[in-house]
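User: I'd like to learn how to read the overall fold and the internal cavities of a model like this one. Could you walk me through it?

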Amino acid sequence: MQASMKMGGQVRGGGAHRASSRRVAVQRGSVVAAASGGKSNMLVIGTGGREHSLVWKLAQSDRVKDVFASPGNPGIAAEKGVTVVNLNIENHGDVIKFCREKGINMVLVGPEIPLVAGLADDLEAAGVPVWGPKKGAAALEGSKKFMKDICRKYNIPTATYETFSDAAAAKAFIKELGAPIVVKASGLAAGKGVVVALTVDEAYRAVDDMMTSKIFGSAGAEVVIEEFLEGEEASFFGLVDGEVVVPLISAQDHKYAGDGDVGPMTGGMGTYTPAPVFTDAIQKQVMDEIMYRTANAMCAEGVPFKGTLFAGLMIKDGKAKLLEHNVRFGDPECQSLMARLDSDLADALLSANSGQFDKVKLEWNPKSAVTIVMAAKGYPGDYKKGTPINGLDLVTGAKVFHAGTALNASGQLVSNGGRVLNVTALGDDVAQAQAKAYAAVKQIQWDDSYYRTDIGWRAIARMTKA
């Protein structure tokens with residue numbers, strides 16, 4: 001799947017919607033080039049497959065002159081029109097200096113950690129436009145307690161829960177509720193701080209691991225214990241500015257490490273879009289009861305949200321409940337979304353960032369997209385780095401996004417993380433996209449890899465029954 005390839009037909013997405021008549025303006029810098037009709041320079045913060053897919057899409061835009069990425073990766077560096085720069089992302093002053101030197105018209109922050117650390121605050125204070133929420137709003141992901149408390153206060157449907165900073169009290173609550181039950185580290189844990197415990201003893205061990213052994217560091221100093229929700233998961237996204245929400249599309253991630261949804265939780269082993277479980281009726285309910293209410297809530301709390309809002313959902317009997325919010329594009333959902341996005345991503349984000357939501361009209365390819373995550377053996381536990389990868393130049397029928405790669409001293413492409421490659425393909429339906437993606441995976445020569453072989457199985461099971 002090359003950048004220039006068009007896959008026929010379009011689906012028009014919804015336009016902007018206000019959660020209420022009250023409009024809250026979010027402070028933003030001035031988009032000089034965009035406002036004058038000239039081409040813009042963009043900086044993408046991040047180093048993974050999500051960021052690779054974003055720069056790949058931005059580089060296709062007629063509105064973009066140059067795309068920069070930091071820290072980036074070898075796959076990002078190989079994209080036409082993209083330059084990787086070595087910035088210390090934790091030093092916000094260095095990022096601001098670079099933006100001024102290069103005339104950056106927008107910074108798109110990929111991962112959650114810089115947002116929770118306040119990068120968007122400092123960029124906006126310096127007059128640098130940024131797509132991503134400020135620190136106060138980024139707490140929706142940075143603190144599960146904050147997110148759940150928002151749900152409780154503003155009547156957003158979610159699982160019953162309590163929050164604990166004392167292990168003994170957490171265990172007493174677990175004993176009262178019984179199993180199955182869910183234990184979550186309240187802080188950021190790279191998508192791995194959730195344990196679905198099938199027994200009370202397993203839940204006790206999760207509490208001990210997080211709070212006593214501190215396997216997630218300070219992220220587990222506080223835990224959220226919540227009821228286990230049955231159903232089918234889905235992911236949904238919206239572009240948000242204050243109380244205005246532009247709905248994107250649905251996807252379904254596969255969080256468990258093994259086929260059939262077994263094994264430990266991961267950051268995500270593969271996705272597909274669209275998700276058949278996410279019907280038009282469910283989208284209306286999610287927009288009304290989750291996306292709008294969250295947007296309104298953040299304004300009411302004095303921390304209006306501006307950026308991409310992710311809703312992780314559990315769907316049962318035609319109704320959705322919120323599992324979690326993320327404050328950025330999902331990973332690896334973003335890779336599948338970018339494969340289907342026919343509209344100009346840069347144009348949409350520049351318009352949204354400058355308050356021109358009426359100009360954001362997104363068109364989506366009606367084909368299905370499937371993304372397979374190739375991980376290092378051992379992930380999400382211990383794994384090796386530096387193992388050689390070959391054959392990417394032989395891949396046909398799919399796009400390979402780099403998630404955790406590097407070049408060694410000899411210039412050889414090697415693994416440099418747990419989730420290493422994301423292989424994305426389009427097809428007339430999920431089954432065809434899945435077949436193309438796995439065919440491409442088999443063309444890649446990487447002995448230390450493992451991947452699930454059933455990404456998209458729920459959608460394909462529905463097709464079989466139909």
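Analyst: Gladly! Let's begin with burial: a residue counts as buried when its relative accessible area is under 20%. This is a predicted model, and in it 57% of the 466 residues of the protein are buried by that cut-off.

User: And the outer surface, how much of it is there, and what share belongs to carbon and sulfur atoms?

Analyst: The accessible surface comes to about 18,100 Å², and carbon and sulfur atoms hold 50% of it.

User: How many helices and strands should I look for in the protein?

Analyst: You will find 15 helices and 25 strands. As for overall form, the radius of gyration is 21 Å, close to the 23 Å that the globule rule gives for 466 residues, so the protein is as compact as a globular protein of that length. Along the principal axes, its C-alpha atoms fill a box of roughly 60 × 55 × 50 Å.

User: What do the contacts say about sequence separation?

Analyst: Here a contact means heavy atoms within 4.5 Å. Taking contacts between residues at least 6 apart in sequence, 71% of them join residues at least 24 apart.

User: Now the interior. How many cavities of 30 Å³ or more does a search of the whole structure find?

Analyst: A cavity is a space where a 1.4 Å probe fits but cannot get out. The search gives 2 of them at 30 Å³ or more, and the largest holds about 70 Å³ of space.

User: Which residues line the largest cavity, and of what class are they?

Analyst: Among them are Leu239, Leu248, Phe329, Met338, Ala348 and Trp364. The lining divides into 11 nonpolar residues, with no polar and no charged ones. Helix α13 gives the most to this lining, with 3 residues.

User: How much space lies in the second largest cavity, and which residues are closest to its centre?

Analyst: About 60 Å³ lies in that one. It is lined by 13 residues, of which Leu108, Val109, Thr308, Arg328 and Phe329 are the closest to its centre. The elements giving two or more residues to this lining are α2 (49-58), β6 (104-109) and β17 (306-316).

User: How does that second lining divide by class?

Analyst: It has 7 nonpolar, 4 polar and 2 charged residues. Set that beside the largest cavity, whose lining has no polar and no charged residues. One residue to find on your screen is Phe329: it helps line the largest cavity, and Phe329 is also listed among the residues closest to the centre of the second.

Technical notes
Residues are numbered from 1 along each chain as its sequence is written. This is a predicted model: local features need pLDDT of at least 70, side-chain atom pairs count only at pLDDT 80 or more; totals for chains, interfaces and linings use all residues. Side-chain values use heavy atoms; hydrogens and water are left out. On a 1 Å grid over the protein atoms alone, a cavity is a set of points where a 1.4 Å probe fits but cannot get out, and a pocket is an open set with protein on both sides within 12 Å along at least five of seven lines; lining residues have an atom within 4 Å of a point. Grid points are joined across faces, edges and corners, and a volume is the space filled by probe spheres set on the points. Helices (H or I, at least four residues) and strands (E, at least two) are DSSP runs, numbered from the N terminus. Ala, Val, Leu, Ile, Met, Phe, Trp, Tyr, Cys and Pro count as nonpolar, Asp, Glu, Lys and Arg as charged, and the others, Gly among them, as polar. The radius of gyration is taken over C-alpha atoms; the globule rule is 2.2 Å times the number of residues to the power 0.38. Buried means under 20% relative accessible area, exposed over 50%, partly exposed in between (1.4 Å probe, protein chains only). Accessible areas come from the Shrake-Rupley method with a 1.4 Å probe; for residues, only the protein chains shown count as cover.
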